[in-house]
Amino acid sequence: MNQLPGENYTLCDYKYFLKVPDNYHLEYDAHYYSVLYTYMGKPAILKATMTEIRICDEYNRLICKHPRSYRDFPLYVTDSSHMPQEHLYYKEVNAHDGAYFRRWASVYGDSMVMLIDRILRSPKHEEQAYNSCAGVLHSCKDVPHNLIREAADKCVAANACKYSYFKKVLGMMKREHAVGTAGASGKLPSHSNIRGKEAYK
């Protein structure tokens, strides 16, 4: 009998992909690991251990490795060297990624995190959604958090997770809130056609 291997046996899970998606990330255990963008549309094999993710081509030749992630955020594990130049340039200029916008959204609660997450997942490349995420979150400035949560809930329920729809819903809710606040105060709004008791002396 031959001598036993000196290293412990490592359990490895295999997952075959017929095509690398257009966003050049392969999904495993609800996380997404990048591969060089030139492999888009080609077959790939993902090998997962408890500590590492290895991605190989269709001939089982190693393409890249990632430490396996168990964190809730970020769900995307991206090596910058895997990105097309236009995506890398955008990321370097803005110094933000999907995790940044998800953390920002968490200030407003779970419904806003879900809205931002769906916006980030909607295009082929996550980076294409960064402007929309920034627009949504900047529009929340100086707005009560309960209105923001309700507007986000409406967008998620309507499956309309877009900056334009969120801005429209939030605008309507702000107007309704303003009218309700004025009514609760018991005061009439100021207007040139409204006369006070002085006009009837």
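**A walk through the predicted model**

His82 is buried, with a relative accessible area of 7%. This is a predicted model, and His82 is a convenient place to enter it. The residue belongs to the loop that runs between β7 and α1 (85-94). Setting aside its neighbours within four places in sequence, His82 is in contact with Tyr24, Ser34, Val35, Leu36, Tyr37, Cys64 and His66.

One of these contacts, Ser34, leads to the sheet. Ser34 in β3 is the bridge partner of His25. Strand β3 covers residues 31-34 and is joined to β2 by four bridges, the two strands running antiparallel. In general, strands of a sheet pair through backbone hydrogen bonds, either parallel or antiparallel. Here the sheet is open and has three strands in the order β2-β3-β7, with mixed pairing. Because β2 (25-28) and β7 (76-77) stand at the edges with a single partner strand each, one side of each has no neighbour in the sheet.

Aromatic rings give another way to follow the fold, and the structure holds four aromatic pairs. Tyr32 and Tyr76 make a stacked pair, with 4.7 Å centre to centre and 15° between the planes. Tyr32 lies in strand β3 and Tyr76 in strand β7, so this pair ties together parts that are 44 residues apart in sequence. Both tyrosines, Tyr32 and Tyr76, are buried. Another pair is formed by Tyr100 and Phe101, which counts as edge-to-face because the ring centres are 5.2 Å apart and the planes stand at 80°. Phe101 is buried at a relative accessible area of 4%, while Tyr100, at 27% relative accessibility, counts as partly exposed. Together with Trp104 and Tyr130, Tyr100 and Phe101 form one aromatic cluster. A ring can also face a charge: the charged end of Lys42 sits over the ring of Tyr39, 5.4 Å from its centre.

The helices come next, starting with α3. Its twelve residues, 110-121, should span 16 Å at 1.5 Å a residue, and the end C-alpha atoms are 16 Å apart, which agrees. In α3, the buried residues are Ser111, Met112, Val113, Leu115, Ile116, Asp117, Ile119 and Leu120. An α-helix has 3.6 residues a turn, so residues three or four places apart point the same way.

Several residues of α3 recur in the largest nonpolar core. This core has 28 residues, of which Met112, Leu115, Ile116, Ile119 and Phe166 touch the most other members. Two or more of its residues come from each of α2 (98-105), α3, α4 (130-138), α5 (145-157) and α6 (163-185). Ile119, not counting residues up to four places away in sequence, touches Ala129, Ser132, Cys133, Val136, Cys161 and Lys162. Apart from the largest core lies another, of 15 residues, and among them are Tyr28, Tyr33, Leu46 and Cys64. Cys64 has already appeared as a contact of His82.

The last stop is Tyr16, in strand β1 (residues 13-17). Tyr16 counts as exposed because its relative accessibility is 53%, whereas His82 is buried. Even so, Tyr16 has contacts along the chain: leaving out residues up to four places away in sequence, it touches Pro43, Ala44 and Ile45. Tyr16 and Ala44 are 28 residues apart along the chain, and their C-alpha atoms are separated by 6.1 Å.

Definitions and conventions: Residues numbered from 1 in each chain as written. Predicted model: local features only at pLDDT ≥ 70, side-chain atom pairs only at ≥ 80, totals over all residues. Heavy atoms only, no water. Expected span 1.5 Å × (residues − 1). Buried < 20%, exposed > 50% of the residue type's maximum accessible area, 1.4 Å probe, protein only. Pairing = 2+ DSSP bridges. Phe/Tyr/Trp six-rings, centres within 6.5 Å; stacked < 30°, edge-to-face > 60°. Lys NZ or Arg CZ within 6 Å of the ring centre and 35° of its normal. Core = buried A, V, L, I, M, F, W, Y, C linked by side-chain atoms within 4.5 Å. Contact = heavy atoms within 4.5 Å.
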